[in-house]
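Here are a few friendly notes on the aromatic side chains, meant to be read with the structure open beside you.

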Amino acid sequence: MYEQIAFYLFSVLTIGLFLVTVLSKNILYAMTSLAAGMVLISGFFFMLGADFLGVVQLIVYVGAVMALYAFAMMFFDATRDIKEKTTNDALVFFLGGMVALMLVIIFAAPVFSENIQAMYPVVEGVGNAQAVGLVLFTKYLVPFEVAAVMLLVAMIAGIILAGKKMDHSLTTNDDKVISQEDTK
Amino acid sequence: MEATVLPEVTSLGVIIKGIIILAIISAVAGFGTYIERKILAFMQRRLGPMHVGPFGLLQIAADGIKLFTQEDIIPQNANKFIFQIAPAITAATAFIALAAVPVFPDFTIPEFIPLLGGTFVPSIAADINVGILFVLGMMAAGLYGPLLAGMAQANKWGIIGSARTAIQFLSYEVVTGLSILAPIMLVGSLSLVDFNEYQAGGFTSWLIWQQPVAFVLFLIAGFAETNRTPFDLLEHEAEVVSGYATEYSGMRWGMFFIGEYANMITVAILASVMFLGGYNDLGFIAGWFIIIGKIAFFFFLMLWVRASWPHIRPDQLMWLCWKVLMPLAMVNILITAIVVMI
């Protein structure tokens with residue numbers, strides 16, 4: 001009973017907030033509603049008893065990913081509306097609708113055909129985090145390691161891109177040096 | 001250790017707990033301003049608030065009246081809706097984080113009180129088994145308050161303040177997470193209750209003796225995440241007027257303030273439960289008393305540091321985070337892992 005009320009409440013709120021994200025022309029509204037929607041999605045995880053995943057959703061999406069978006073938005077004037085360059089509204093509407101329909105079919109088909117089987121039942125007597133760890137280090141060990149290597153590659157690439165002037169701090173420079181560099 | 005059977009936690013008990021947390025922490029935030037001004041004054045050889053009431057005690061009431069009755073100004077070009085909800089985000093995330101940490105001992109309301117008599121009020125409002133991560137996640141979400149406030153107010157100082165919010169909170173979250181990873185590996189659980197039980201063996205079993213580096217790192221990162229003085233670049237008066245709070249007045253500004261104080265208390269509770277033995281009895285002193293003492297000590301420490309250290313520059317802040325604290329945390333995790341394996 002309570003779970004159903006909570007589910008429908010969260011669903012309506014999440015869909016509503018993400019609609020605002022898509023339809024709003026104001027950057028601040030879009031960003032705020034996206035972040036709020038991410039918080040509400042973690043509510044679904046908590047309802048399903050997956051506390052650990054819910055908290056990870058909070059930390060990763062709300063804390064890190066969305067904050068990076070926010071950081072990019074510092075370069076825009078956040079108080080003004082954006083003029084979008086859409087040449088053909090009908091085409092955008094059609095493509096968007098089709099993608100949404102396809103996603104629904106992709107996710108709904110296995111559920112309706114009942115082809116999904118739980119191969120790795122939940123281990124009794126361990127907590128949420130331990131259960132995730134057990135699956136990660138047995139069944140999904142290879143994807144887990146590949147993801148780790150990918151992150152390492154991205155990190156090294158980031159360091160190389162940003163590292164050229166790493167020992168050179170603008171703040172500690174004299175004004176004279178900076179103005180000399182500007183005139184060069 | 002044999003666990004005593006606790007009465008069932010009812011939803012009524014949780015609601016009462018929530019109201020208690022809200023009421024007491026808000027009041028403590030108000031009282032905290034008085035304590036902060038007095039302690040800073042004594043450390044700087046001043047008297048502090050003296051004129052309103054005995055020892056300036058009624059200053060809290062005067063400040064409260066001022067905050068509540070001040071005109072609520074919204075700048076003309078600001079994004080009004082976001083400008084208005086940003087302080088609520090700060091206050092709400094700070095209080096939601098307090099839901100998963102043990103605040104005050106659990107007790108049962110006496111039977112003679114009508115309606116509520118016999119209700120068991122738990123120590124933790126929401127006892128989830130990933131409590132530490134939940135608190136960290138909620139404090140991470142707390143960055144949206146200053147961030148949106150700064151971006152919505154159409155003020156250059158505000159924009160700089162919110163840019164600083166993003167870099168500071170994102171960077172120091174890494175240090176917080178990595179520093180508590182080592183104690184988590186020792187305890188083998190993410191639950192604050194398990195942390196408390198791990199340190200039940202008295203003074204020598206406190207985790208600070210096994211993880212001194214992690215404790216110091218957590219404390220430094222905690223200062224940065226609660227926006228306390230050596231790291232309060234978000235609202236650095238000398239550089240950016242008041243940063244993200246420049247255009248705020250009245251109760252909206254007050255909500256930022258309450259949020260900051262609630263976050264300070266959360267960090268103090270986390271540090272006491274995770275490193276300083278939590279709410280276990282210490283000798284003849286009762287557990288509930290000792291944890292309040294520890295929280296008060298950390299609160300005092302934050303004021304002490306504020307009186308002792310100057311602000312640091314943004315580039316020093318980043319240098320400290322990425323070149324000193326993060327490598328230290330990584331080395332600490334590696335050493336802990338090797339010790340745990342052997």
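1. Let's begin with Phe215(B), which is buried in this predicted model. Its relative accessible area is 11%, and that falls under the 20% cut-off for a buried residue.

2. Which ring does Phe215(B) pair with edge-to-face? The partner is Phe275(B), with 5.4 Å from centre to centre and 65° between the planes. This pair joins distant parts of the chain: Phe215(B) sits in helix H9 (residues 212–225) of chain B, while Phe275(B) belongs to helix H11 of chain B, 60 residues apart. Phe275(B) has 0% relative accessibility, so this residue counts as buried too.

3. You may like to select the neighbours as a group. Ring pairs connect Phe215(B), Phe218(B), Phe275(B), Phe297(B) and Phe298(B) into a cluster.

4. Now for the wider picture: over all chains, the structure holds 19 aromatic pairs. One of them is made by Phe83(B) and Tyr248(B), and this pair is stacked because the ring centres are 4.2 Å apart and the planes lie at 5°, where under 30 degrees counts as stacked.

5. Where do these two partners come from in the chain? Phe83(B) is in helix H3 (residues 80–97) of chain B, and Tyr248(B) is in the loop between helix H10 (237–240) and helix H11 (250–275) of chain B. The two residues are 165 residues apart, so the pair links distant parts of the chain.

6. Are the stacked partners buried or exposed? Phe83(B) counts as buried at 0% relative accessibility, and Tyr248(B) counts as buried at 7%.

Technical notes:
Residues are numbered from 1 along each chain as its sequence is written. Chains are lettered from A and ligands numbered from 1 in the order in which they are written. This is a predicted model: local features need pLDDT of at least 70, side-chain atom pairs count only at pLDDT 80 or more; totals for chains, interfaces and linings use all residues. Side-chain values use heavy atoms; hydrogens and water are left out. Rings of Phe, Tyr and Trp (its six-membered ring) pair if their centres lie within 6.5 Å; planes under 30 degrees apart count as stacked, over 60 as edge-to-face and the rest as tilted. Helices (H or I, at least four residues) and strands (E, at least two) are DSSP runs, numbered from the N terminus. Buried means under 20% relative accessible area, exposed over 50%, partly exposed in between (1.4 Å probe, protein chains only).
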